[in-house]
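Load the model in your viewer and keep the selection panel handy. We will walk from helix packing to backbone geometry and finish at the ligand.

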Amino acid sequence: MPGLESSPAPLAFATRQLHAGARGFDSHGARATPIYLTAGFEFDDLADGESRFADPDTGFSYTRVGNPTAAAAERRIADLEGGVGALLVGSGQAATSTALLTILEAGDHIVAASAIYEGTRELLRSDLGRLGITTDFVDDPRDPAAWEAAIGPDTRALVAESIANPRGGVLDIPVVAEIAHRHGIPLIVDSTLATPYLLRPLELGADIVVHSASKFLSGHGTALGGIIVDAGRFAWDAVPGRFRQIAGETGPDGRTFVERSGERAFLDAARRVAMRFGPSPSPLNAFLLLQGVETLSLRVERQSQTAATLASWLEARPEVASVDYSGLASHPDHDLAERLLPAGRGALFAFTLAGGRAAAEALTTAVRLFTPMTHLGDVRSLVLHPATTTHAHRSDADLELIGVGPGLLRLSVGLEDAADLVADLERGLAAAAATTTAAAVTPVAAPLEAVSA
Ligand SMILES: *Cc1c(COP(=O)(O)O)cnc(C)c1O
């Protein structure tokens with residue numbers, strides 16, 4: 001194949017997002033990656049079937065195990081993240097659960113940042129907890145001593161997000177990776193909000209990256225997907241008895257994944273876990289992911305610029321009590337973000353309206369361009385009220401502790417014209433201000449009436 005791998009000079013991100021991993025493997029020479037919408041693949045003869053079963057790298061057998069469209073997406077994202085390979089699965093949640101189930105077994109312990117995607121937090125707390133895998137949460141991920149203190153003899157993974165949802169905390173990946181490695185455990189980073197364009201956790205010392213590909217990577221709000229990328233550096237066999245599924249159990253050939261697969265040990269083990277649990281991606285969704293990734297840098301660059309514009313504009317408004325965006329000097333991680341996210345601070349941020357829930361409701365109802373929904377990373381701008389949706393199951397005390405108050409709204413900034421988005425928020429803030437005035441006159445007035453009046 002006219003492979004990029006053989007190119008003399010390293011290619012830039014914008015070039016690789018178009019070309020990496022998706023050339024030269026289709027026998028008809030299709031230039032765009034074809035959608036191999038097939039459940040299975042013909043075997044030439046018994047020996048061929050035997051070898052594809054024994055080693056999926058020798059050929060495809062069944063789409064739950066691997067598929068050419070998915071494999072092209074895996075090669076491209078692995079290239080962009082700087083990993084040795086990747087595994088595409090059906091959703092971001094499947095990426096996190098597959099990565100963790102590959103590494104962990106009953107009795108193992110996880111330390112995770114407490115500011116983490118709520119679905120992940122519940123997976124760790126509730127579902128993995130039920131399987132005997134327990135988690136302790138670090139409330140201040142900026143404090144190295146807090147990570148240290150939470151690590152115990154059974155801890156087998158540290159889990160955090162490069163940019164945390166919804167308040168934009170930035171993970172000091174080099175610091176946390178150093179702590180993990182000193183204890184012989186891997187650091188797993190959910191980098192959905194950063195995307196490989198803004199930050200590459202593997203280059204900063206993380207061992208495994210997971211993404212919800214449903215967000216910025218696909219970018220258009222049309223497909224679900226998740227991807228796991230491995231740096232291929234972690235020594236799974238360094239401490240005897242640990243990480244048994246990768247370094248202990250032997251396969252039919254009498255070898256462990258570490259012995260058989262070397263730097264791809266984790267990924268091959270993860271593919272087996274995915275094959276058994278079955279969170280397969282659709283080849284159509286793999287295609288949509290590939291197509292989305294082709295414009296990733298352009299989208300994220302512009303979306304980050306517009307987010308920065310909106311965040312500073314909102315911060316100056318009297319209706320707004322605070323804005324959580326690491327691009328602003330007021331954010332506690334501003335300096336860290338300057339260091340780790342030089343290309344932009346991302347398209348997602350939160351702000352808190354002084355008027356509380358009524359104001360948040362009025363703004364959400366009044367805006368025309370921001371769509372109220374629970375998604376992010378879309379080319380369209382979206383607005384979400386976490387306290388009544390993603391964080392509704394949290395107690396009031398919890399919400400206060402994590403700063404997700406009744407007046408907090410999360411914006412995912414799209415590709416619309418920045419001035420149009422400012423005008424839309426202006427309309428929203430006017431509606432929000434009206435509720436505060438109405439409430440001051442008649443404290444029991446229903447906020448919705450104030451809006452429709
Ligand atoms: C959306 C999201 C997930 C879950 O991804 P799905 O594709 O919806 O399963 C995980 N982590 C983060 C940070 C997300 O934003």
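Helix axes here are lines fitted to C-alpha atoms over the stretch in contact, with angles running from 0 to 180 degrees between N-to-C directions. Helices (H or I, at least four residues) and strands (E, at least two) are DSSP runs, numbered from the N terminus. This is a predicted model, in which local features need pLDDT of at least 70 and side-chain atom pairs count only at pLDDT 80 or more, while totals for chains, interfaces and linings use all residues. Residues are numbered from 1 along each chain as its sequence is written, and side-chain values use heavy atoms, with hydrogens and water left out.

**Stop one: helix packing**

Select residues 92-103, which form helix 4, together with residues 265-277, helix 11. Their axes come within 9 Å and cross at roughly 115 degrees. Helix 4 is therefore roughly perpendicular to helix 11 (65 to 115 degrees; under 35 is roughly parallel, over 145 roughly antiparallel and the rest oblique). The crossing of this pair is right-handed, meaning that the near helix is turned clockwise from the far one by less than a right angle; anticlockwise would be left-handed.

Now add helix 5, residues 118-130. Its axis is 10 Å from that of helix 4, and the two pack at an angle of about 40 degrees, so they are oblique to each other. This crossing, too, is right-handed.

**Stop two: backbone geometry**

Most residues other than glycine have a negative phi, and most peptide bonds are trans. Which peptide bond is cis? Select N165 and P166: the bond from N165 to P166 is cis, with omega near 0 degrees. P166 sits in the loop between strand 4 (155-161) and helix 7 (173-182).

Next, pick T195 in helix 8 (residues 195-198). T195 is not a glycine, yet its phi is positive, about 65 degrees.

**Stop three: the ligand**

Show the residues around the ligand (a heavy atom within 4 Å). There are 13, and G92, D190, S212, S214 and K215 come nearest. By class, the shell has three nonpolar residues, seven polar and three charged (Ala, Val, Leu, Ile, Met, Phe, Trp, Tyr, Cys and Pro are nonpolar, Asp, Glu, Lys and Arg charged, and the others, Gly among them, polar).

Look for polar contacts, N or O pairs within 3.5 Å:

- S214: a side-chain N or O atom is 2.6 Å from a ligand oxygen.
- K215: a polar side-chain atom is 2.8 Å from a ligand oxygen.
- Q93: a backbone N or O atom is 2.9 Å from a ligand oxygen.

Finally, turn on surfaces: the protein covers 92% of the 380 Å² of accessible area that the ligand has on its own (Shrake-Rupley method, 1.4 Å probe).

Conventions. A polar contact is a pair of N or O atoms within 3.5 Å; within protein, one must be able to donate a hydrogen and the other to accept it, and residues adjacent in sequence count only if both atoms are side-chain atoms.
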